[in-house]
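Thanks for coming, everyone. I have one model to walk you through today, so please pull it up on your screens.

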Amino acid sequence: MKSPRFLVPLLAIWQIAAVSQAGWEAGLAKADITPGDPVPLAGYGGKTRLSDRVEHAIWLKALALRDETGATSVIVTSDLVGLSDKMIARIAAMARDKHGIPRERLILNASHNHSCPVTEDVLWLYYEFTPEEAAAKDRYTARVYEQYDAVIGAAIADLAPAELAYDLGLAGVAVNRRRARGPESRAFGNQVDQDVPVLTVRSGDRLRGILFGYSCHTTALGGLSINGDYAGFAQLELEKSHPGAVALFVQNCGGDANPLPRIRGRDAEATELAAMYGRILAEGVRQAIGAQMRPIAGPLRVAMGSTELPLEEGIPLEELKRRAPNLTGMPRREFEHFIRQYETLGGPPDHVDYPVQVWQFGKDLTFIALTGETVVDYSLKFKAAHGWNDTWVSGYNNDLLSYVPSLRVLREGGYEGVTGMFEYGHRAQYTEAVEERITALVDELVKQAGTPAP
Ligand SMILES: [Zn+2]
């Protein structure tokens, strides 16, 4: 008969195994989406810009998380300007059918990089392509779809036991850009969110992933090189100082923020400044990682919903027809688009659909994923409502959609509130219901995701 003392270490081993099985599994992957040939560049309207060199590679990056219930969720970040509804639908269907990831467990964020290629129909009213440029855009888009498939599959294949931790850093790069538009804009305030939320993924001593965010347009650069702007430089910097780790950048509510000052025209100096902004952001992340971070427990409960954001009345058909012939370039394309909508749909839609996702990590962290170019007020508002230190409010998920003003920004007017709407194909500005509709949906989803299943 074996001595009973042998049972003690056996039991201890069994308990350790049970604990690690009850925790997280995480997987990380990255896929290179740097174009090999010159391609039309995204982000700035007006003239079509073709890339002429690569400053550094651009990427899709994925973090897959499996919680103790076995549910798998994936967030994919990208050095792209944004995604369209068409792209979201295709990527989400692929993630569901091929990789078993339900829509509400897939978050697709774009850094809003303005030094990346145009894809599919994102901001399509901005551009007028030659057939060769359109073909280059379509070839590149096909490759991006393939890489979304590859990066999601690779992150899931990489799932392994892991520990998550969270904290905030700070970085003083974002400035409210509405103040920088000449004398009439000086009445606007300098509302910014300079928090740098950081979620780390470790397996034992090994740092495998750094998911970090910031609320600021990736518009430090405006030349003809392919690069990830300040966010690309920050990711490079972090992957250099933490070899083997994947650094993923999440764009938060940077709709009305720019990295300022910016340099235009002097490319070498502009690139050095963008790299410096990236180093500042990376240092904010490193200081968060270097301090005592809070462990983040599961499960990961998710909620997804949608609300309708009503639009003001558009321009009547007769007026569109009268004015269109006198217009050129993008304004002409916008008017022709609205005329077509009258002819095919009976008129431009009177609202847009606005999806929101909430991921609730145990009791420790609430990740709110808003759609479109959300202004900073939403980040500040939802952090005040749901916890400054344990709420992460990201924007630029799903469809790039439009600028999404708060009631304040809508009433102040200007590009992010009013005049930017036509570029996205919408008939007019949002009505004053915009902020209350989004707030009601967010509050409802935070409650849903925070309520354990019966
Ligand atoms: Zn923008």
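Let's start with a helix on a sheet. Helix α8, residues 376-386, lies across β16 (365-371) and β18. The helix runs at about 150 degrees to β18. A word of caution before going on: this is a predicted model.

Now the sheet itself. β16 and β18 belong to an open sheet of four strands. The order is β14-β15-β16-β18, and the pairing is mixed. Which strands sit at the edges? They are β14 and β18, each pairing on one side only. On average, neighbouring strands here are turned by 20 degrees against each other, direction ignored.

Look at one pair in detail. β14 and β15, residues 351-361, pair in the antiparallel sense. Eleven bridges connect them. As a landmark, find V302, which stands opposite W359 in β15. As a reminder, strands of a sheet pair through backbone hydrogen bonds, either parallel or antiparallel.

A second helix lies across this sheet. Helix α11, residues 434-450, lies across β14, β15 and β16. Its angle to β14 is about 160 degrees.

Let's zoom out. How many helices and strands does the protein chain have? Eleven helices and 19 strands. The radius of gyration is 23 Å, close to the 22 Å that the globule rule gives for 454 residues, so the chain is as compact as a globular protein of that length. Along the principal axes, the C-alpha atoms fill a box of roughly 100 × 50 × 45 Å. Buried residues make up 48% of the 454. Now take contacts between residues at least 6 apart in sequence. Of those, 80% join residues at least 24 apart.

Next, the backbone oddities. Most residues other than glycine have a negative phi, and most peptide bonds are trans. Here are some exceptions.

Two cis bonds come up. One is the peptide bond from L260 to P261, with omega near 0 degrees. P261 is in the loop between β12 (257-259) and α5 (267-290). Another cis bond joins G298 and P299, with omega about -5 degrees. P299 lies in the loop between β13 (294-296) and β14 (300-310). That brings us back to an edge strand of our sheet, β14.

Then positive phi. L123 is not a glycine, yet its phi is about 50 degrees. Find L123 in the loop between β5 (106-108) and α3 (131-157). N398 is also a residue other than glycine, with phi near 60 degrees. N398 lies in the loop between β18 (391-397) and β19 (403-404).

Are these two buried or exposed? L123 has 19 C-beta neighbours inside 10 Å, and buried takes 20 or more, so L123 counts as partly exposed. N398 has 28 other C-beta atoms within 10 Å, so N398 is buried.

Last stop, G254. This glycine is in the loop between β11 (246-251) and β12. G254 is buried, with 30 other C-beta atoms within 10 Å. What does G254 touch, leaving out residues up to four places away in sequence? H112, A174, S215, C216, H217 and G395. Take S215 from that list. G254 and S215 are 39 residues apart in sequence, but 3.9 Å apart in space, C-alpha to C-alpha.

That's the tour. Questions, please.

Note on methods. Residues are numbered from 1 along each chain as its sequence is written. This is a predicted model: local features need pLDDT of at least 70, side-chain atom pairs count only at pLDDT 80 or more; totals for chains, interfaces and linings use all residues. Helices (H or I, at least four residues) and strands (E, at least two) are DSSP runs, numbered from the N terminus. The radius of gyration is taken over C-alpha atoms; the globule rule is 2.2 Å times the number of residues to the power 0.38. A residue is buried if 20 or more other C-beta atoms lie within 10 Å of its own, exposed if 12 or fewer, and partly exposed in between; C-beta atoms are placed from the backbone. Two residues are in contact if their C-beta atoms, placed from the backbone, lie within 7 Å. Two strands pair if DSSP finds at least two bridges between them. Axes are lines fitted to C-alpha atoms, for helices over the stretch in contact, and angles run from 0 to 180 degrees between N-to-C directions.
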